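Me: Could you walk me through this protein by way of a few questions? I'd like each answer to end on the thing I asked for.

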Amino acid sequence: MQKSLNSLAMDWSTDWTALFGVERPLIVEIGFGNGDYLIALAKQYPDHNVIGFEISTPSLEKAEKKIRKLKLDNAVAIHSRGETAINHLFEQQSIRQIHINYPDPWFKSRHAGRRIMQRDMLDAIVSRLEIGGLFYLATDIIDYAEMSHELLVETPGLTNLLDENWVNEFPERLITTKYEEKGYREGRDGHFFKYRRNENPIPDVPVMEEWTVPHVVIKTTMKPQEIAAAVTKEAFHKGDIHVAVFNGFWNPQHNSVLFEINIEEPTIEQHIALSLRHREENDDYILRYATFGMPRPTEGMHFATSTLAQWIVDLHPDAEIIADRTRK
């Protein structure tokens, strides 16, 4: 069985022609659920490459199974946040259609920042659409529709193709999904949007690429087990970057410490480990990310490495940073 694709393990940006083996216009669905709409897109547009993104592993597996069963060579399901996919995987003006179906509304105000329909995300979406490309949005939450409408009308790069702000009946919709049917049964109408990318000037949203690999060299008289024992849950913030340190694990075999780290950035979230390893030849320590998993050297990782290094130095009055290869 082919290994599932994950945006954290893919090239930024991605060569979609190489991935599919043939160059075709691109169609993207963000949050494909059980994959039925993604399959319908692939069938409706056999001369396009259809790419779906989803963060639910069970949903990803269901969609992959359906794609294999139907032998669709123009469809692929990828594990990814929508923000990561749009900002990191696609060049500007490279997508023919983008579909967002029934996104999570994140009702609580403290979770509003997790909504896919945000100003920065919409600007990125518009930048990735070809001139003349189409953007579709469907939601059964009226508050979400109103919020999205406010964002869309303030987006100069998009033109509304409907006679209204949105419609509750959309004859060109390919299928009615199970989630959509559930909404109707529970008394929630669908609210459907259709916009076209026009030629108006738009904000420049470049492809977000990786930074260089960060590391910090530290001198300290503390032992690795002492540093690991000092770790408590810590949180650090820099603008929209949030870093949480959960644990420190001493590895006596390698005389090192592994720090469990979570990094949240506007376009990506990573749960990784940073490694503090003792170097006997220099009698110092090097702090850098551990190579297992799928860590990507982003701005957030640079901030996490730099901040954790300073935290380690602050543990002892004689400790110091002797080399810092992070970007501030």
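What follows is a round of questions and replies on the fold, the charges and some odd spots in the backbone.

Reply: Some ground rules before we start: this is a predicted model, with local features needing pLDDT of at least 70 and side-chain atom pairs counting only at pLDDT 80 or more, while totals for chains, interfaces and linings use all residues. Residues are numbered from 1 along each chain as its sequence is written, and side-chain values use heavy atoms, leaving out hydrogens and water.

Me: How many helices and strands does the protein have?
Reply: Helices (H or I, at least four residues) and strands (E, at least two) are taken as DSSP runs and numbered from the N terminus. The C-alpha atoms fill a box of roughly 70 × 40 × 40 Å along the principal axes. Inside that box, the tally is 9 helices and 15 strands.

Me: What share of the 328 residues counts as buried?
Reply: Buried means under 20% relative accessible area, exposed means over 50%, and partly exposed is in between (1.4 Å probe, protein chains only). On the outside, the protein exposes about 16,500 Å², with carbon and sulfur atoms supplying 48% of it; those areas come from the Shrake-Rupley method with a 1.4 Å probe, and for residues only the protein chains shown count as cover. As for the buried share of the 328 residues, it is 51%.

Me: Among contacts between residues at least 6 apart in sequence, what percentage join residues at least 24 apart?
Reply: A contact here means heavy atoms within 4.5 Å. Asp123 in helix 5 (residues 119-128) is a handy example of a residue with contacts, since, not counting residues up to four places away in sequence, Asp123 touches Pro203 and Val205. For the protein, the percentage is 72%.

Me: Is Asp123 buried or exposed?
Reply: Asp123 sits in helix 5. Its relative accessible area is 14%, so Asp123 is buried.

Me: How far apart are the mean positions of the positive and negative charges?
Reply: Lys and Arg count as positive and Asp and Glu as negative, with His and the chain ends not counted. Each charge is placed at NZ of Lys, CZ of Arg, CG of Asp or CD of Glu. With 36 positive and 49 negative charges, the mean positions are apart by 5 Å.

Me: Which residues form the negative surface patch that includes Glu146?
Reply: Patches are made of residues with over 30% relative accessible area and no salt bridge, where like charges are joined within 9 Å and nonpolar side chains (Val, Leu, Ile, Met, Phe, Trp, Tyr) within 5 Å. Glu146 belongs to helix 6 (residues 142-153) and is partly exposed at 40%. The patch is made up of Asp143, Glu146, Glu150 and Glu154.

Me: How many salt bridges are there?
Reply: A salt bridge is a side-chain nitrogen of Lys or Arg within 4 Å of a carboxyl oxygen of Asp or Glu. One of them pairs Glu83 with Arg81, the closest N and O atoms being 3.5 Å apart; Glu83 is buried at 11%, whereas Arg81 is partly exposed at 25%. The count comes to 13 salt bridges.

Me: Which residue forms a salt bridge with Asp36?
Reply: The closest N and O atoms in this pair are 2.7 Å apart. The bridge links distant parts of the chain, from helix 2 to helix 3 (residues 57-70), with the two positions 30 residues apart in sequence. Asp36 is partly exposed at 23%, and its partner is Lys66.

Me: Which residues are linked with Asp140 in a network of salt bridges?
Reply: Asp140 meets one partner, Arg188, at 3.0 Å, N to O. Asp140 lies in the loop between strand 6 (129-139) and helix 6 and Arg188 in the loop between helix 7 (178-185) and strand 8 (191-197), so the bridge ties together parts 48 residues apart in sequence. Asp140 is buried at 6%, while Arg188 is partly exposed at 24%. The network links Asp140 with Glu186 and Arg188.

Me: Which residues does a cis peptide bond join?
Reply: Omega is about -10° there. Ser13, on one side of the bond, is found in the loop between strand 1 (5-6) and helix 1 (16-20). The joined residues are Trp12 and Ser13.

Me: What is phi of Gln93?
Reply: Gln93 is in the loop between helix 4 (82-89) and strand 5 (95-101), and is partly exposed at 44%. Phi is positive in this residue, which is other than glycine, with a value near 50°.
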